[in-house]
Amino acid sequence: SKRTGKNQIKEFEDESKHQILRTVEIEKALAQALDRNEFSLVYQPKVSLTQNRLEGVEALLRWNNRELGHVSPTDFIPIAENTGLIHPIGNWVMRESCRAWVRWNKSGVKPFTLSVNVSPLQFAREDFVESLQAILDETGMDPMFLELEVTESSMLSYEESTREKLTQLHQFGILISLDDFGTGYSSFRQLRELPVQVLKIDRSFIVNLFTDRNQEAIVRSMIQLGHNLGMKVLMEGVETSDQLEWLLNEQCDYVQGYYFSRPLLEKDVVKHVKSVTTY
Ligand code: C2E
Ligand code: CA
Ligand code: CA
Ligand code: CA
């Protein structure tokens, strides 16, 4: 009826007003979050299926604000990008996670890879490689064990400068993985030309693996595409043994997900590494 229609509009207006207010609140709080020490990092294991061992960990940012509580990176990263705060925050993530890696390394475990998410805006900056180099020097992080997770949109403006940066990073021994693969717009031609070593298939592709008949064919093709281009393939968001078995059968190289481990605190990473001899 007309009445419920009006109520729905009202609800919708309340909802979007609420959204805008929340964005403004996040924006204000985010500007002070670094100074107030409100960020922390957790680390999610990556498992190599071919070698049946821990391949590395991915650093994931956490934000806990007194008024807002825990805010998801899905909510605040876009705001950090819009406000330019992504640059100091991104540098903080890089520095802190490299420091953690150096501490793990000193504890005597076999070194594993540290993966760090890099926003397209960070990557686009002219001084990106330079400031990364400064952090590596400062922390003592071994670039041979560093992997950058970049999204397709970082690569989309496939200019000479992008190629130069990737070549420089490659020369340092840094790995590049293409995050959220399948959700962007890379053409086959671009993919072929990209100097990336790992395709990271977005979690959305595994969610309906066994419910949608075409999904298996799609994911299988993505794995084969990666392999045909000489890349390794990682599937994220693996939650069940059925999914794992299917991926083993399709010769997926690496997996990550709650089935193996949720993101861990820094202090629990070494414990985890020592406790898993085999998955
Ligand atoms: P992402 O890079 O695709 O990271 C994977 C997300 O999936 C993480 O969420 C992780 O906790 C979650 N996840 C992992 N395994 C499973 C699973 O088995 N099931 C389910 N349901 N979820 C799983 P998180 O930590 O909330 O991060 C969300 C996104 O925020 C990340 O997506 C990434 O795009 C961004 N992000 C996180 N940390 C950083 C950072 O330091 N810098 C930048 N630029 N972006 C970050
Ligand atoms: Ca990632
Ligand atoms: Ca991802
Ligand atoms: Ca994702």
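This passage describes the calcium sites, the largest pocket and one histidine of a predicted model.

The structure is a predicted model, for which the protein has a mean pLDDT of 91, with 96% of its residues reaching 70 or more. The scores of the model are ipTM 0.98 and pTM 0.93. Where pLDDT is low, predicted coordinates should not be read in detail.

The calcium ion (ligand 2) takes its protein donors from Glu58 (OE), Asn117 (OD1), Glu149 (OE) and Asp179 (OD), which lie 2.1 to 2.3 Å from the ion. Along the chain, the donor residues of this calcium ion follow the spacing E-x58-N-x31-E-x29-D. Because Glu58 belongs to strand β2 (residues 53-65) and Glu149 to strand β5 (residues 146-151), this pair ties together parts that are 91 residues apart in sequence. Glu58 is buried, its relative accessible area being 6%, and Glu149 likewise counts as buried, at 1% relative accessibility.

The calcium ion (ligand 3) has as its protein donors Asp179 (OD), Asp180 (OD) and Glu236 (OE), with Glu236 (OE) listed twice, and these donors lie 2.2 to 2.8 Å from the ion. The corresponding spacing of the donor residues in sequence is D-D-x55-E. Asp179 coordinates both the calcium ion (ligand 3) and the calcium ion (ligand 2), and the two ions are 3.9 Å apart. This shared residue, Asp179, is buried, with a relative accessible area of 7%.

At the calcium ion (ligand 4), coordination is provided by Asp180 (OD) and Asp202 (OD), at 2.5 to 2.9 Å. Asp180 also serves as a bridge, since it links the calcium ion (ligand 4) to the calcium ion (ligand 3), and these two ions lie 3.4 Å apart. Asp180 lies in strand β6, whereas Asp202 lies in the loop between β7 (198-201) and α9 (204-207), so the pair ties together parts that are 22 residues apart in sequence. Asp180 counts as partly exposed, at 26% relative accessibility, while Asp202, at 13%, counts as buried.

The largest pocket contains about 1200 Å³ of space. Its lining comprises 35 residues, and those nearest the centre of the pocket are Glu58, Leu60, Pro73, Asn117 and Asp179. Among these residues, Glu58, Asn117 and Asp179 are also protein donors of the calcium ion (ligand 2). By residue class, the lining divides into 13 nonpolar, 11 polar and 11 charged residues. At least two lining residues are supplied by each of the elements β2, α2 (73-83), α3 (86-106), α4 (120-124), β5 and β6 (175-181). Of these elements, β2 holds Glu58 and β5 holds Glu149, and Asp180 is located in β6.

A further residue considered here is His227, which is found in helix α10 (residues 213-228). The relative accessible area of His227 is 30%, and the residue is accordingly partly exposed. When residues up to four places away in sequence are not counted, His227 touches Val233, Gln251 and Asp253. For the pair His227 and Asp253, which are 26 residues apart along the chain, the separation between the C-alpha atoms is 9.5 Å.

Terms used: Residues are numbered from 1 along each chain as its sequence is written. Chains are lettered from A and ligands numbered from 1 in the order in which they are written. This is a predicted model: local features need pLDDT of at least 70, side-chain atom pairs count only at pLDDT 80 or more; totals for chains, interfaces and linings use all residues. Side-chain values use heavy atoms; hydrogens and water are left out. Donors are N, O and S atoms within 2.8 Å of the metal (3.2 Å for Na, K and Ca); water is not among the atoms, so sites may look incomplete. Helices (H or I, at least four residues) and strands (E, at least two) are DSSP runs, numbered from the N terminus. Buried means under 20% relative accessible area, exposed over 50%, partly exposed in between (1.4 Å probe, protein chains only). pLDDT is the predictor's confidence in each residue, from 0 to 100. Contact means heavy atoms within 4.5 Å. On a 1 Å grid over the protein atoms alone, a cavity is a set of points where a 1.4 Å probe fits but cannot get out, and a pocket is an open set with protein on both sides within 12 Å along at least five of seven lines; lining residues have an atom within 4 Å of a point. Grid points are joined across faces, edges and corners, and a volume is the space filled by probe spheres set on the points. Ala, Val, Leu, Ile, Met, Phe, Trp, Tyr, Cys and Pro count as nonpolar, Asp, Glu, Lys and Arg as charged, and the others, Gly among them, as polar.
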